[in-house]
There are 2 protein chains.
Amino acid sequence: MSKIRVILAEDQAMVRGALAALLNIESDIEVVASVSNGDEAFRAAGQHRPDVLVTDIEMPQMTGLELATRVRELYPVMKIVIVTTFARPGYLRRALEAGASGYLLKDRPASELAEAVRRVHQGMRVVDPGLAAEIWNAEDDPLTERERQILRRAGEGETTAELAKSLRLSEGTVRNYLSEAISKLGAANRIEAARTARAKGWL
Amino acid sequence: MSKIRVILAEDQAMVRGALAALLNIESDIEVVASVSNGDEAFRAAGQHRPDVLVTDIEMPQMTGLELATRVRELYPVMKIVIVTTFARPGYLRRALEAGASGYLLKDRPASELAEAVRRVHQGMRVVDPGLAAEIWNAEDDPLTERERQILRRAGEGETTAELAKSLRLSEGTVRNYLSEAISKLGAANRIEAARTARAKGWL
DNA sequence: CAGGAATTGTGACATCTGTCATGCGGCCGT
DNA sequence: ACGGCCGCATGACAGATGTCACAATTCCTG
């Protein structure tokens, strides 16, 4: 029986190495490449054509979610497992829309990783049970693209004036978007709004 | 030759399991316990008396820095290695003050972990080279306790009025502290100030 | 095509934020 | 014991922020 061929994408070198070691212990799994960002992962996927791509979400160059989308388009048979720190319904939803077969949290026992790889390889879906329950009653993102963009940057300390200048909008318009976002999210100010949105995985 | 006995403290189960696997591959190292927070780590340290304690910083119950301090007091021979995501000079400084013998980043190759464990066990110090250079010219925290406290909460979206009420201060006073903090950090507003302070490991 | 949603804009207003000057009492170190 | 920082406070002011009402344009959808 041939081994399940896996590519591993994760930006923290030590964690990447450790996860690779973990998977390589399994006699039916072989890590054929391990890379540190979305770009490299995309190239490695084309070159190695693995059975399963295991990827983090938050990485430099290209996030795991974009990576999933692009890999799915080009190599539809390749299975994708997202492994992330973040239990955000918004992320899970986007991951599933992007065509991921698995979504599991770094909070879960290490043994679940190899098991998840095997299952998606057999065509099954593996989703963190707690999150799967949440996704049904989770509201979806009420923000428009512009609102998201502005809120994200406002949450990083950019002032209204800076936002207006860099986005070529009037200050009044920027204030309007922020006001809208704040009210949609039931927050008291831009800071709280940004935190709320981030926590739900909408930014 | 007896193995180096190690306790591993890290809150994300999957990462913890993977790091344990990584260390256990080494023939001269044995992970005698692996735990998910500072409290458990403290108890495990008393029970197992390991040679080396490998710990993350950001954990529930007790941070790795507090843990290091307390373990050092009670068991001075035990060596401590901090393994963290955060390349913050403030963290490194506090780690060394707390008596840690090693400080390495999850960004570094997996192979460095086992090597660091061996070195600190032999009485050497292991500090991430990039950070070690930075610590000499790194300014230290200019904030007073009050400023820190207020800035932390302001950065989480609490308004001036809420802060004043919950800290039993006048609104004007809260604004004064924020103003002071903003100016000390060279920021444009409370949001940027909070981010800056956080990035340096001062919050 | 009509209607709706998103984008952008203006003006006016109330409130919140950030700054500055100034003052007082307490505590620490020399 | 005295100077200097810290914590706390006030008052006043300018500028930033949040809210509201209203409107023009574009683009998509039924």
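Visitor: How many residues of the surface near DNA strand C are nonpolar, how many polar and how many charged?

Guide: Two are nonpolar, ten polar and five charged. Here Ala, Val, Leu, Ile, Met, Phe, Trp, Tyr, Cys and Pro count as nonpolar, Asp, Glu, Lys and Arg as charged, and the others, Gly among them, as polar. A word on reading the model: it is predicted, local features need pLDDT of at least 70, side-chain atom pairs count only at pLDDT 80 or more, and totals for chains, interfaces and linings use all residues. Residues are numbered from 1 along each chain as its sequence is written, chains are lettered from A and ligands numbered from 1 in the order in which they are written, and side-chain values use heavy atoms, with hydrogens and water left out.

Visitor: Which residues come nearest to DNA strand C?

Guide: A residue is near a strand if one of its heavy atoms lies within 4 Å of it. DNA strand C has 17 residues around it, and the nearest are A:T144, A:R146, A:Y177, B:T160 and B:R190. On the DNA side, sugar or phosphate supplies 60% of the atoms of strand C within 4 Å of the protein, and bases supply the rest.

Visitor: What do the side chains of A:R146, B:T160 and B:R190 meet on that strand?

Guide: Look for polar contacts, which are pairs of N or O atoms within 3.5 Å; within protein, one must be able to donate a hydrogen and the other to accept it, and residues adjacent in sequence count only if both atoms are side-chain atoms. A:R146 places a polar side-chain atom 2.4 Å from a phosphate oxygen of DNA strand C. From chain B, a polar side-chain atom of B:T160 lies 2.6 Å from a phosphate oxygen of strand C, and one of B:R190 also lies 2.6 Å from a phosphate oxygen. The elements giving two or more residues to this surface are α7 (145–154) and α9 of chain A, together with α9 of chain B. The largest share comes from α9(A), with five residues. Helices (H or I, at least four residues) and strands (E, at least two) are DSSP runs, numbered from the N terminus.

Visitor: And which residues are closest to DNA strand D?

Guide: Strand D is surrounded by 16 residues, with A:T160, A:R190, B:R146, B:N176 and B:Y177 the closest. Sugar and phosphate make up 60% of the strand D atoms that come within 4 Å of the protein. A:R190 has a side-chain N or O atom 2.7 Å from a phosphate oxygen of DNA strand D. B:Y177 has a polar side-chain atom 3.2 Å from a phosphate oxygen of strand D. For B:N176, the partner of the polar side-chain atom is a base oxygen of DNA strand D, at 2.8 Å. Here α9 (171–184) of chain A and α9 (171–184) of chain B each give two or more residues to the surface, and α9(B) gives the most, with five. This surface divides into two nonpolar, nine polar and five charged residues.

Visitor: How can chain A be laid on chain B?

Guide: Two copies of a chain are related by a rotation about an axis and a shift along it. In this model, a turn of 180 degrees and a shift of 0.1 Å along the axis lay chain A on chain B with an RMSD of 0.4 Å, by least squares on the C-alpha atoms of residues with pLDDT of at least 70 in both. The two copies are therefore related as by a two-fold rotation axis. In chain A, A:A18 has the C-alpha nearest that axis, 2.4 Å away. The copies meet through the same surface, because 97% of the interface residues of chain A are also interface residues in chain B.

Visitor: What is the strand order in the sheet of chain A?

Guide: Strands of a sheet pair through backbone hydrogen bonds, either parallel or antiparallel. Chain A has an open sheet of six strands in the order β2-β1-β3-β4-β5-β6, with parallel pairing; two strands pair if DSSP finds at least two bridges between them. At the edges stand β2 (29–35) and β6 (126–127) of chain A, each with a single partner strand, so one side of each lacks a neighbour in the sheet. Strands β3 (52–55) and β4 (79–84) of chain A run parallel and are joined by four bridges.

Conventions. Contact means heavy atoms within 4.5 Å.
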